[in-house]
Amino acid sequence: VYPTTLRGIGLGTSNALARVGSIITPFVAQVASDSSLLFPILIYGSASLFGVLAAVLLPIETRGRPMMETHY
């Protein structure tokens with residue numbers, strides 16, 4: 001669906017954001033759980049639902065298809 005260079009940029013960006021999220025998570029959980037335990041659950045639950053929605057809205061299923069090399 002997407003060119004090779006764009007797939008590489010997307011993979012690198014998602015990897016970087018995952019690392020930032022793993023660094024920030026303990027601080028968010030500690031600060032947010034001081035007031036209410038429901039608040040961090042809502043934060044992480046909404047982030048999970050957003051990820052599921054993004055995956056469901058992908059344009060087509062590419063499982064089992066060969067990866068095309070594209071260079072622009």
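Phe 27 sits in helix H1 of this predicted model. With a relative accessibility of 54%, Phe 27 counts as exposed, because the cut-off for that class is over 50%. Phe 27 also helps to make a nonpolar surface patch of about 390 Å². Below is a short tour of that patch, of Ser 33 further along, of the second helix and of Tyr 2.

**Helix H1 and its nonpolar patch**

- Helix H1 covers residues 4–35, and Ser 33 is found in it.
- Which residues make the nonpolar surface patch? Val 20, Ile 23 and Ile 24 do so together with Phe 27.

**Ser 33 and its surroundings**

- Is Ser 33 buried or exposed? Neither label fits: its relative accessible area is 34%, so Ser 33 falls between the 20% and 50% limits and is called partly exposed.
- The side chain of Ser 33 comes to 2.7 Å from the backbone oxygen of Ala 29.
- That side chain of Ser 33 also reaches the backbone oxygen of Gln 30, here at 3.3 Å.
- Leaving aside residues up to four places away in sequence, Ser 33 touches Val 28 and Pro 40.

**Helix H2 and the annotated span**

- Helix H2 runs over residues 38–56, and Gly 51 has its place there.
- Gly 51 has a relative accessibility of 37% and counts as partly exposed.
- How far is the C-alpha atom of Gly 51 from that of Ser 35? The two are separated by 26 Å, with their positions 16 residues apart along the chain.
- An unreviewed UniProt entry lists residues 37–58 under "transmembrane region".
- In the model, residues 37–58 are 86% helix and 0% strand.
- The C-alpha atoms at the two ends of residues 37–58 lie 33 Å apart.

**Tyr 2, ahead of the first helix**

- Where does Tyr 2 lie? Its place is in the segment before H1.
- Tyr 2 counts as partly exposed, because its relative accessibility of 42% lies between the limits of 20% and 50%.
- Once residues up to four places away in sequence are set aside, Tyr 2 touches Arg 7 and Pro 59.
- Tyr 2 and Glu 69 are 67 residues apart along the chain, while their C-alpha atoms are separated by 10.0 Å.

Note on methods. Residues are numbered from 1 along each chain as its sequence is written. This is a predicted model: local features need pLDDT of at least 70, side-chain atom pairs count only at pLDDT 80 or more; totals for chains, interfaces and linings use all residues. Side-chain values use heavy atoms; hydrogens and water are left out. Helices (H or I, at least four residues) and strands (E, at least two) are DSSP runs, numbered from the N terminus. Buried means under 20% relative accessible area, exposed over 50%, partly exposed in between (1.4 Å probe, protein chains only). Contact means heavy atoms within 4.5 Å. A polar contact is a pair of N or O atoms within 3.5 Å; within protein, one must be able to donate a hydrogen and the other to accept it, and residues adjacent in sequence count only if both atoms are side-chain atoms. UniProt positions are given in the numbering used here, feature names are shortened, and annotations may be inferred rather than shown by experiment. Patches are made of residues with over 30% relative accessible area and no salt bridge: like charges are joined within 9 Å, nonpolar side chains (Val, Leu, Ile, Met, Phe, Trp, Tyr) within 5 Å. Accessible areas come from the Shrake-Rupley method with a 1.4 Å probe; for residues, only the protein chains shown count as cover. A salt bridge is a side-chain nitrogen of Lys or Arg within 4 Å of a carboxyl oxygen of Asp or Glu.
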